[in-house]
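Please open the model in your viewer and keep the sequence panel beside it, since this tour moves from one selection to the next. At each stop, make the selection first and then read what is there.

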Amino acid sequence: MNDHERTGTVLVGYDGSPAADEAIRWGVREALLRNLPLTVCHAWHWPYPLRQPDRDTLEVLRGAGAIVADEGVRKAHGLAEGLDVRWRLERGWASAVLLEASRDAALVALGSRGHGGFEGLTVGSTAVQVASHADRPVVVVRQSLPPTRRGRERLVVGVDGSTGGEAAIGFAFEEAALRGASVTAVCSWWDPAAFRGPDRVPFSDPQMIRREAMKRFEEDAAAWRSRHPQVPLETEFLVDTPRQALVGAARGAALLVMGVRGIGSGPQTLLGPVTQTALQEAPCPVAVVPVQGTGRRRTAETAVASARGGTG
């Protein structure tokens, strides 16, 4: 269990948008499952850098922000009357404020997009920035998602043998244990050598490579079953691109769990391409899980300073 589990608070970014309302619902349930308080966080700022506002204008802006934060608290109490719900109102850009507030959180939940952007936008800049830089798990929730399947909830986790994938697996099992859910571990194998055409790799045996990958996947699955016997586990080894395999497997799931980056992404990559696709296209909420102890705290501090106009 990670150091931040069972401590701190469940942090929800709230701006009054429909996706933020869904994040409140998700955050309330997480807080109840983890026996933690819920913190509703709203960021406000003066958007015109070439003109400084006077004090009265700032007070009006802050007052408007307080109304939004209070509405989030009211909705949270409406979902769970006895829950300890707090609110946090900070001046600054939303991503910087949420990253700063996440230092005291066990988990962050936020809507996939706010009031800005354009029609058809599936994920906004704040969700991407927070998921990229946070050193806490970040659950990104979209509005108007299809319903989950009836019966026991199912969590899907992407597995590729990377340290990011291992972090995702750990979170998936912990979350499933809290919810009484099952876990579906998905490993996608994609090798151009297995297919006809100009991209075929010479002097290779794709079937042997595939068998070795399947063997390692099943060995890892046996170890996960041994460590988490109370959580039902299914495995899917799919011959497809990781992006298509995971988005397809997530249909009807309660949550898709992804590492912040996987195999093929360099250490300087903040958010891997498969995880980015999941945030854009997954038909369920997506949890992005960081790798602990990899310098992401410093990266988050730099991101906060940059968003506030500093150099960090």
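A residue is called buried when its relative accessible area is under 20%, exposed when that area is over 50%, and partly exposed in between, using a 1.4 Å probe and protein chains only. Select C284 to try this out: its relative accessibility is 3%, so C284 counts as buried. Then select C187, which counts as buried because its relative accessibility is 11%.

Before going further, please note that this is a predicted model, in which local features need pLDDT of at least 70, side-chain atom pairs count only at pLDDT 80 or more, and totals for chains, interfaces and linings use all residues. Residues are numbered from 1 along each chain as its sequence is written, and side-chain values use heavy atoms, with hydrogens and water left out.

**Cysteines**

How many disulfides does a search of the whole structure find? A disulfide here is a pair of cysteine sulfur atoms within 2.5 Å, and the search finds zero of them.

**The sheet**

Now switch to a cartoon view, where helices (H or I, at least four residues) and strands (E, at least two) are DSSP runs numbered from the N terminus. Two strands are said to pair if DSSP finds at least two bridges between them. Follow the open sheet of 10 strands in the order β3-β2-β1-β4-β5-β10-β9-β6-β7-β8, and you will find that its pairing is mixed. The edge strands are β3 (85-91) and β8, each of which pairs on one side only. On average, and ignoring direction, neighbouring strands of this sheet are turned by 25 degrees against each other; the angles are taken between axes, which are lines fitted to C-alpha atoms (for helices over the stretch in contact), and run from 0 to 180 degrees between N-to-C directions.

**From β1 to β3**

Select strand β1 (residues 9-13) together with strand β2 (residues 38-44), which pair in the parallel sense over four bridges. Two of the residues to label are V10, whose bridge partner in β2 is L38, and G13, whose bridge partner in β2 is C41. Strand β2 is mostly covered, with six of its seven residues buried. Between β1 and β2 the chain passes through helix α1 (residues 18-34), and this β-α-β crossover is right-handed, meaning that, with the strands pointing away from the viewer, the path from the first strand over the helix to the second runs clockwise.

Add β3 to the selection, and you will see that it runs parallel to β2, with seven bridges joining the two. Across this pair, L38 stands opposite V85 in β3. The chain goes from β2 through α2 to β3 in another β-α-β crossover that is right-handed. Helix α2 (residues 55-79) lies across β2 and β3, running at about 155 degrees to β3.

Stay in β3 and pick R91. Is R91 buried or partly exposed? Its relative accessibility is 44%, so R91 counts as partly exposed. Leaving aside its neighbours within four places in sequence, R91 is in contact (heavy atoms within 4.5 Å) with W44, W46, L58 and V97. If you draw a distance from R91 to G65, you will find the two 9.2 Å apart, C-alpha to C-alpha, although they are 26 residues apart in sequence.

**From β6 to β8**

Next select strand β6 (residues 154-158) and strand β7, which pair in the parallel sense over five bridges. In β7, S182 is the bridge partner of R154. The route from β6 to β7 leads through helix α5 (residues 163-179), and this β-α-β crossover is right-handed. Strand β7 (residues 182-189) is mostly covered, as seven of its eight residues are buried. Strand β8 (residues 233-239) runs parallel to β7, and seven bridges join them, with V186 having E236 in β8 as its bridge partner.

**Helix α3**

Finally, select helix α3 (residues 94-101), which is largely enclosed by the rest of the structure because six of its eight residues are buried. Colour S95, A96, V97, L98, L99 and A101 to show these buried residues. Then add helix α4 (residues 125-133), which packs against α3 at an angle of about 35 degrees, with the axes 9 Å apart. Where they touch, A94, S95, L98 and L99 in α3 meet T126, Q129, V130 and H133 in α4.
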